[in-house]
Every structure is written in structure tokens, then in C-alpha cells.
Amino acid sequence: MRESAAMRILLTSSRLPFTLALIRKLAEAGHEVYASDAYEVASGSHSKYLSGRLITAPPATETEAFVTDVERFVVDNEIERVVPCFEEAFYLATRYERLQAVTDLYTAPFATLARLHDKATFTELAQKLELPLPATQVARSPEEMRELTEPLPHYFARACFSRGGVALLTNTGPLAGATRIEDVTPTPTQPWLVQPFVEGPMLCTYATLREGRVLTHLCYRAPRQWQHSTGISFETVDPGPTLEFAAAIGAELGYTGQMSLDFVDS
């Protein structure tokens with residue numbers, strides 16, 4: 001790879017608004033930017049700031065073909081860094097060593113991503129680092145779900161493999177009763193996390209890290225949400241109190257890549 005300030009960078013999932021924003025900012029900073037997506041009319045792939053674009057196989061259903069498409073494009077265009085911008089990071093990470101041999105893949109290996117994505121193993125990591133958390137238990141069957149929630153006057157439960165305000169169960173707040181406990185079926189391979197319900201506004205963070213060191217970190221809240229779930233407006237808040245989490249987790253894992261965490265400001 002060339003040693004220079006300006007780089008050849010490939011951004012994936014170019015259909016997303018924040019990918020288009022990255023395309024513009026990186027190009028304005030002097031980088032040679034490329035974009036990829038499985039969707040031919042992805043808006044970011046048609047940006048005037050691009051030096052080239054790639055249409056790939058679908059990452060989730062044709063993972064090997066997707067990785068091969070990215071690998072071939074990286075070699076042919078001497079791409080120095082690949083920045084996954086969405087969940088395709090998981091699929092690229094399954095071939096981490098293979099891609100890392102031809103470019104700088106800006107994400108962690110799959111085992112590290114899976115450890116953070118699984119809310120049960122993430123909780124174990126946070127407890128090991130003595131980070132403040134609500135008392136947390138894991139339900140691996142419908143019977144355990146009832147046993148763990150019944151003693152709690154106000155509870156909140158989430159599928160360990162979930163995101164974006166889906167697969168949740170609570171008896172408190174605006175989403176109380178949105179999911180019935182009878183419809184929740186935890187299993188040993190698809191467990192659920194159970195915690196006391198914590199009152200307070202949601203805070204979200206975004207950080208970039210390199211080899212365990214936090215390079216950038218920001219924190220925001222979502223004063224407007226779609227159905228009390230996905231944020232649709234955002235307001236920057238003081239990132240200082242949440243920096244401890246990203247720094248501790250990053251240092252423990254020697255983490256490289258992007259990291260997002262959610263909090264309740266209690």
C-alpha cells in the first residue's frame with residue numbers, strides 16, 4: 001500500500017445517507033473515494049465525488065461472492081482501506097485475514113464483532129471491566145423468561161441478537177404491552193437479556209478506534225423517535241461521561257473500527 005496522507009478508500013453500503021456524507025467529506029479532504037452496494041441505484045454510488053463504483057453480490061445471501069467482488073475490486077484499483085458502513089461489516093469480517101492481506105479492512109475480526117453484538121457476552125465484558133450496568137440476567141427458555149421477569153415490578157428485556165428497537169419486551173413506558181410475554185421464546189442459541197427498567201432519556205454514541213485507542217467520539221440523543229424506537233432527529237450532548245465505556249472496551253479488545261453504544265441517562 002502507498003504511504004501518503006491521501007488514500008484510496010472504498011466505502012460500502014452506499015445507499016445510506018451517512019455513507020454519502022462520508023463520501024463527500026473524505027473526497028473534500030483529498031482522498032480518492034470509491035463506493036459499493038448490491039443495489040445498482042444506490043444514491044452514494046452516483047455521487048460526483050467518486051472515482052469509481054462497484055455493484056456487489058448481496059452480502060447476506062451470497063457472502064462468498066460478495067467478498068470476492070470486494071477483494072477483486074480492491075486489488076484492481078489498489079484500494080488502501082475498506083470502510084464498511086453498515087452490517088456488511090459482519091460478512092467482510094468472516095474473511096478478515098483474507099481481506100487484510102490485500103487492504104486495510106477497517107473493522108474488527110468476526111469473533112470480536114460477535115462478542116460485542118451478542119448482548120449477553122457484551123454484558124459479561126462490561127461487568128469484567130466494572131462498567132456501571134443494571135442488574136442483568138439471561139433467559140434461555142420461556143420458563144426462564146417468566147421466572148426472571150415476575151420478581152421485577154418494572155422490567156425490560158431484549159433479544160441478545162437484536163438492534164434498532166426491535167425484539168423487546170417491557171411492562172413499563174410507552175412500549176409496555178407492545179410484545180406479549182407469551183410471544184417471546186428464548187432458546188439457548190437465541191437468548192434474551194432481562195433487566196430492571198431504567199427511567200431516563202436514551203443516549204447514543206459513535207466512536208472510531210484504532211488498535212484499542214479512541215480516535216473520535218461523539219454522543220447524541222434522539223428527541224424525536226419513530227414509534228418510540230428509531231431516532232429521526234438528533235441532538236449533540238456532552239460526550240465526556242460516555243467516553244469511559246468506549247475507551248475501556250476498545251482498550252480491552254485492542255479494537256479497530258467503528259463502535260456505537262446506547263445508554264439510558266439515569
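Along strand S3 (residues 52–55), which side chains point to one face and are buried, and which point to the other and are not? Gly52 and Leu54 point to one face and are buried. Arg53 and Ile55 point to the other, and they are not buried. Buried here is under 20% relative accessible area, exposed is over 50%, and partly exposed is in between, with a 1.4 Å probe and protein chains only. Strands are DSSP runs of E with at least two residues, helices are runs of H or I with at least four, and both are numbered from the N terminus.

A word on the model. It is predicted, so local features need pLDDT of at least 70 and side-chain atom pairs count only at pLDDT 80 or more, while totals for chains, interfaces and linings use all residues. Residues are numbered from 1 along each chain as its sequence is written, and side-chain values use heavy atoms, with hydrogens and water left out.

Now the sheet that holds S3. It is open, with 5 strands in the order S3-S2-S1-S4-S5 and parallel pairing. S3 and strand S5 (104–105) are the edge strands, each pairing on one side only. Two strands pair if DSSP finds at least two bridges between them. As a reminder, strands of a sheet pair through backbone hydrogen bonds, either parallel or antiparallel.

Let's walk across it. S3 pairs with strand S2 (residues 32–37) in the parallel sense, over 4 bridges. Leu54 in S3 has Ser36 opposite. S2 also pairs with S1, again parallel, over 4 bridges. There, Leu10 stands opposite Tyr34 in S2. What about the side chains of S1: buried or exposed? Arg8 and Leu10 point one way, Ile9 and Leu11 the other, and all are buried. At the other edge, S4 and S5 pair in the parallel sense over 2 bridges. Val82 is opposite Leu105 in S5.

Next, the helices on this sheet. H1 packs on it, touching strand S1 (8–11) and S2. Contact means heavy atoms within 4.5 Å. The direction of H1 makes about 170° with that of S1. Axes are lines fitted to C-alpha atoms, for helices over the stretch in contact, and angles run from 0 to 180 degrees between N-to-C directions. Helix H2 (residues 63–76) packs on the sheet too, touching S1, S2, S3 and S4. Its direction makes about 160° with that of S3.

One residue in H1 is Lys25. Lys25 counts as exposed because its relative accessible area is 58%. Its C-alpha atom is separated by 9.2 Å from that of Tyr49, 24 residues apart along the chain.

On to another sheet. This one is open, with 4 strands in the order S6-S9-S7-S8 and antiparallel pairing. Its edge strands are strand S6 (137–139) and strand S8 (168–170). Neighbouring strands are turned by 25° against each other on average, direction ignored. S6 pairs with strand S9 (residues 192–196) over 3 bridges, in the antiparallel sense. Val138 stands opposite Leu193 in S9. Helix H6 (residues 119–128) packs here, touching S6, strand S7 (155–159) and S9, and its direction makes about 50° with that of S9. Helix H7 (residues 142–149) touches S6, S7, S8 and S9, and its direction makes about 145° with that of S6.

Two backbone oddities. Ser13 has a positive phi of about 55° although it is not a glycine. Ser13 lies in the loop between S1 and H1, and it counts as buried because its relative accessibility is 12%. Glu211 is not a glycine either, and has a positive phi of about 50°. Glu211 sits in the loop between S10 and S11. With a relative accessible area of 65%, Glu211 is exposed.

Last, the second largest pocket. How much space lies in it? About 360 Å³. A pocket is an open set of points on a 1 Å grid over the protein atoms alone, where a 1.4 Å probe fits, with protein on both sides within 12 Å along at least five of seven lines; lining residues have an atom within 4 Å of a point. Points are joined across faces, edges and corners, and the volume is the space filled by probe spheres set on them.

The lining has 16 residues, with Leu22, Leu26, Tyr106, Tyr206 and Thr208 nearest the pocket's centre. Helix H1 (17–28), strand S4 (81–83), strand S10 (202–210) and strand S11 (213–226) each give two or more residues. S11 gives the most, with 4.
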